[in-house]
Each structure stands twice: as structure tokens, then as C-alpha cells.
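Please work through the following exercises with the sequence and the model open beside you. Each task is followed by a solution that goes step by step.

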Amino acid sequence: PRKYRLGMLDERIVPVGSKARKSKNPIGCLADRCKTGVPINMVWWNRVTENNLQTPNPSASEFIPKGGSTSRLSNVSQSSMSAFSQALFSHPSMGSPATAGLAPGMSLSAGSSPLHSPKITPHTSPAPRRRSHTPNPANYMVPTSASASVANAVSQPPSTGQVIQKETVGGTTYFYTDTTPAPLTGMVFPNYHIYHPAAPHVAYMQPKANAPSFFMADELRQELINRHLITMAQIDQADIPAVPAEVDSYHSLFPLEPLPPPNRIQKTSNFGYITSCYKAVNSKDDLPYCLRRIHGFRLVNTKCMVLVDMWKKIQHSNIVTLREVFTTKAFGEHSLVFAYDFHAGGETMMSRHFNDPSADAYFTKRKWGQHDGPLPRQHAGLLPESLIWAYIVQLSSALRTIHTAGLACRVMDPTKILVTGKTRLRVNCVGIFDVLTFDNSQNNPLALMAQFQQADLMSLGKVVLALACNSLSGIQRENLQKAMELVTINYSSDLKNLILYLLTDQNRLRSVNDIMPMIGARFYTQLDAAQMRNDVIEEDLAKEVQNGRLFRLLAKLGTINERPEFQKDPTWSETGDRYLLKLFRDHLFHQVTEAGTPWIDLSHIISCLNKV
């Protein structure tokens, strides 16, 4: 609303979209347009003739509204207009009002025809775009009103820090009000990008290194690189012909686990069917997904899709979201495929914590005359209690969301719980049992959910007990007493009571909310750890935030400097205005010492690029 465009001509000015109108007062015409309710920023002026072009004078009558008008712009006083004319040339880059004092490329005259006028609206004029790239810190400290009326923006004289600027591009002159607030008195901000040291609350959390780190931590970088590699992994179709090139709308399938042999008869103990898992890319959105294939399953009834739709609506940080379910014959037989979000680098809890056969030694029967080994302890064969509570908080949170939605997890098993990073858990393969075991004779598909929810709590107790014993043998019925003795010796009474509550049959329906008092203040410990982790990651992100901009600058410099097809061209980098970029390139990379030897300093390069 504070920007408008004027086309300079001898007498005739035509608003776009309206009939021709003759006036010697363009601002008066603009005021008349305002009377009809047309916003100022939508008023466009085009020239209809190029004859008798005159060099305009900012103090001439064309810029001063005639008296007697009651429009918004006609209320500008003579003193205001003198301030307007004075502020118009008060910008340092404008010099004096004389045309000879203007910077190269700056002209008050609109000296080109409408055919050569660039199609640039006041909203996208070069100056506002350029000013919007780097925010002014004062913007966050000086209150501004975005709802200021057009009358206030035009009828009042420019206030301190608001200067009417002008810029000519392709023969079109733009006038706009620079609303950037002036810096507050006594405050100085850097006028270029600069790197700040780590925040104190993050610096004291991290171990001190021998040298200061200007880049993200190596551990985080390696983890991200590994995720990228897994996401982009592909197979050679000639080596593994059993994997189809395309399944429904998914392509680039990559097995995430060993493929079962073609003549395999034994079925998995989890779902009762042979399963396989692939990473694939959806051709609709080009995003990677995890496909869980159920071999040899033919879907005969689509009533179960009601439960699938309910699973699609669940979004939780500890649940792998189900996206779609479809049938296919791309594998040579009828198959049911579940598409989930793909989390690169994830491994199952089974492979993370229960992959050591020696951990079961405490529960194995001893031969006659053989003595028991040393009792396992925390950090000496057993997991730390803080890690177990971190897992309990995440798994109980996932169950709470699932049960609140009226569904049941039914896959609370170490082989179906994904671990990403150090302690992040996600429940995988949700919704598969609801489709595989769907009973068409049931009028209400949710009739048995209460029973399945009670089984979820029992399964959660077994997972926690297995983690406390660091062995799956501890959850076997013959080893339960020995396992609870191990928990009593090494862990707190709250953990023992939680396991007993989950594994004991109650006379009433239990809820996952019942274990919240047992978790108690440990929930705040996990929340604090998550927020501290977020602070560390944000600090690592701050170290790399300028990298993309610096790369774009170097890419532009490398593209422009010394192009072979423009050798000896006076308009290119050797002798033209682009020669400054070549000199800047030499200033960046070709510094020498007093002895003439190369002087290489990364801080010099980064500092100079941050000032561009």
C-alpha cells in the first residue's frame, strides 16, 4: 500500500483496465482512484506515447497535488511535500537532485517504451526483494503495525527512519517508503553475517575438545550420512531378479532384510505368514517408504479397511505411521503389502539388546557340581535403569495414543520395536494383525479391542522384564521367579512394582494410565533430556546455517568468472564491470604473504563471503 508506480509522459496517463483519461496531475488521478475504493497498490500507470519526453523535475507541479481536492493524497501540506522532495534525495546512494549526481543506472526519467517496460509489480520490485533477504535486528525490537491505513502511509510526512526511496529498472521508476526502523540509540548490530560462539547452556553440556569446533559434531554428521546412504541404496536388478522393478506405484525396491528362499514352508512366529521387507520410492511423491509384504495372502473382504483408515489417522513420535494397504501380484503370487514411513538406520530392539547369547547364561540350568557365575549388575551385564525408564516412557506413550483411538497395538514385541539413534523407539508393523485376523462374522470390528488392549499391557510388561534381565530367557514361565529376584536386587522398587502390575492378572480392566504414578517424576527427566538434546542439535545446525548461502555465492562467482566463450568481450569479466568479481575472486583465494608465498586462511574466506 505504500508503493506506487508513475509513468512519466507529457500529459496523458492511462490507468490499466480503465478508459483513457487526460490529466496533468498524476497524483491527483491517483487520489481520484482512491475515492472509488481501488487500493493504491493495484493502480498501474502505462504510457501511451513516447513523444515530447521531458526530463522531470521533482519539484515541478506534476509532483504537487492541486488544491481543492478532498482525497487522501490531496491533504498533503506544502511543508509535507517539501519534506517529500527533500527525503527523496536524502539517501546516500542518490546524491544530489541533479541528474549528473545520480549513481550509474539511476535515472528519474522513464526513458523506454511500454513494450520494454519490465513486468515487475511494486510488490516484487528489486529493492524490496533485496532488502528482504537479510533481516534487520531492529525489526524485532521496534514495534510496527502491519495494519496501518493507506491514508496514514501517504498523507503524513515521512517519519524518522521512513524515507521515500526511488529506483529505476528498465525505464520504470519505483517510489516506495522504506519502513525499516532506525537502529535504537546505543545499540550496534553487525551489518553482515557473523558466527557466534556456542550458547553457554550447550557449551557446558559438551566435553571440551582440544580445538574449537566450527562444524557439527562428527557423530551427528556420520549418523546423517549413514541415513542418506541407506535411503539412496539400490540393488542390481540382474543379480536379484526375484525383486520386481515396480510394485503398484512404488519403484526402486531394496530388501531391508534377507529374502526368504523361494521354497520356504516355515512361517514366521509373529504373523503366521512368510513376510519380507523392502525400501521403495513412491512415484506419486518421490518419498521413500517401507513395504511389508505378506506372502501368499489373498484379501477376500474389504471391511477390514475401516481399521486401516483408523490407523492412518494416528500420528505419534513413537509409532511408525501406516500409509496404505494394497494387494498385488507383482511378486508372482497374491500378496498383501503394508506401506509405512521409512526410518533409515533403524534396527530392532532384538538386534540392539538381545543379540548376545552369553546374556542368557544366568538363566540356563547348571550341570551337577557347576557353580553359578557372578550375579549380573548394572553396567556389568545389565542395562542402566535410566535407559529402561526412557524406553518405558516412550512405549507407554505409544500405547496410550493407540488405546485412546480405540485400537490395540498387538505387536509389542522386541522384533517389532525399532530403535533409531541412541534411545529413540518406534512401534512398527501396527495394523497388520487387524487385517490378517479380521473376522467377517463380527458385526462390530472393535468388539474385541478391549481384550487386545489388556494383552498389550501384558506384552509391555514382558518387554520391560526382558530389558531388566537383558535376556529373553527371563520372560519364560520357569524363569519368572529368578528374573524378579534379579530385578529386586539391581533396580528400584518402582520398576519392580511396574513389572508386577503389568504381568499380574487383575480382576478389573487395566489402563496404561495406571502406570503413570509409577513413572512419576522420571517423566520430567526424559522431557529434560529430550530438550537438552534439542538444544545440542540446534547448536550444531547454527554452525552450518550459512553453508548453503556461501555455496550459492561461490557457485555464482565460478559461473561468471573467466568464461572461455566470452574471451576478449568488453562486456564480460576481463574488461567490463564483471572484472570486479574476478578481482574479488583473487582477493578470496589468491592472497600472498610479503615473501610472495601463498597465504591460505579459511577464516579470511568465510569472513569475506559473509560480507557480500
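**Exercise 1. How many of the 20 residues of α9 are buried?**

Solution. The model is a predicted one, in which local features need pLDDT of at least 70 and side-chain atom pairs count only at pLDDT 80 or more, while totals for chains, interfaces and linings use all residues. Residues are numbered from 1 along each chain as its sequence is written, and side-chain values use heavy atoms, with hydrogens and water left out.

Step 1. Fix the terms: buried means under 20% relative accessible area, exposed over 50%, and partly exposed in between, with a 1.4 Å probe and protein chains only. Helices (H or I, at least four residues) and strands (E, at least two) are DSSP runs, numbered from the N terminus.

Step 2. Apply the cut-off: 15 of the 20 residues of α9 are buried, so this helix is largely enclosed by the rest of the structure. For the protein as a whole, buried residues make up 38% of the 612 residues.

Step 3. Check the length of the helix against its expected span, which is 1.5 Å times one less than the number of residues. For α9 this should give 28 Å, and the end C-alpha atoms are indeed 28 Å apart. Just after α9, glycine 406 has a positive phi of about 85 degrees.

**Exercise 2. Determine how α9 is oriented towards α11 and α15, and list the residues that meet.**

Solution. Step 1. Axes are lines fitted to C-alpha atoms, for helices over the stretch in contact, and angles run from 0 to 180 degrees between N-to-C directions. Angles under 35 degrees count as roughly parallel, over 145 as roughly antiparallel, 65 to 115 as roughly perpendicular and the rest as oblique.

Step 2. The axes of α9 and α11 cross at roughly 170 degrees and come within 11 Å, which makes α9 roughly antiparallel to α11. Among the residues that meet (contact means heavy atoms within 4.5 Å) are Ile388, Ile392, Leu395 and Leu399 in α9, and Leu457, Leu460, Val464 and Leu467 in α11.

Step 3. With helix α15 (residues 522-543), the axis of α9 comes within 10 Å and crosses at roughly 90 degrees, which makes α9 roughly perpendicular to α15. Here Glu385, Ser386, Trp389, Ala390 and Val393 of α9 make the contact with Arg522, Phe523 and Gln526 of α15.

Step 4. Helix α9 (residues 385-404) also lies across β16 and β17, running at about 30 degrees to β17.

**Exercise 3. Which strands stand at the edges of the open sheet with the order β13-β16-β17, and why is one side of each left without a neighbour?**

Solution. Step 1. Two strands pair if DSSP finds at least two bridges between them. This sheet of three strands has antiparallel pairing.

Step 2. The edges are β13 (347-348) and β17 (424-427); each has a single partner strand, so one side of each is left without a neighbour in the sheet.

Step 3. β13 is joined by two bridges to β16 (residues 417-420), in the antiparallel sense, and threonine 348 stands opposite leucine 418.

**Exercise 4. Follow the open sheet of six strands, and place β9 and phenylalanine 326 within the picture.**

Solution. Step 1. The strand order is β7-β8-β9-β10-β12-β11, with antiparallel pairing. β7 (246-247) and β11 (322-328) each have a single partner strand, so these two form the edges.

Step 2. Eight of the eight residues of β9 (residues 275-282) are buried, so this strand is largely enclosed by the rest of the structure. Thr275, Cys277, Lys279 and Val281 point one way, whereas Ser276, Tyr278, Ala280 and Asn282 point the other way.

Step 3. β9 pairs with β8 over four bridges, and histidine 251 stands opposite valine 281. Seven bridges join β9 to β10 (residues 288-295), with cysteine 277 opposite arginine 292. The hairpin of β9 and β10 has five residues between the strands, and in it aspartate 286 takes a positive phi near 60 degrees.

Step 4. Phenylalanine 326 lies in β11 and, at 9% relative accessibility, counts as buried. Leaving aside neighbours within four places in sequence, phenylalanine 326 is in contact with Val247, Asp248, Tyr250, Ser335, Leu336 and Val337. Valine 337 is eleven residues away from phenylalanine 326 in sequence and 5.5 Å away in space, C-alpha to C-alpha.
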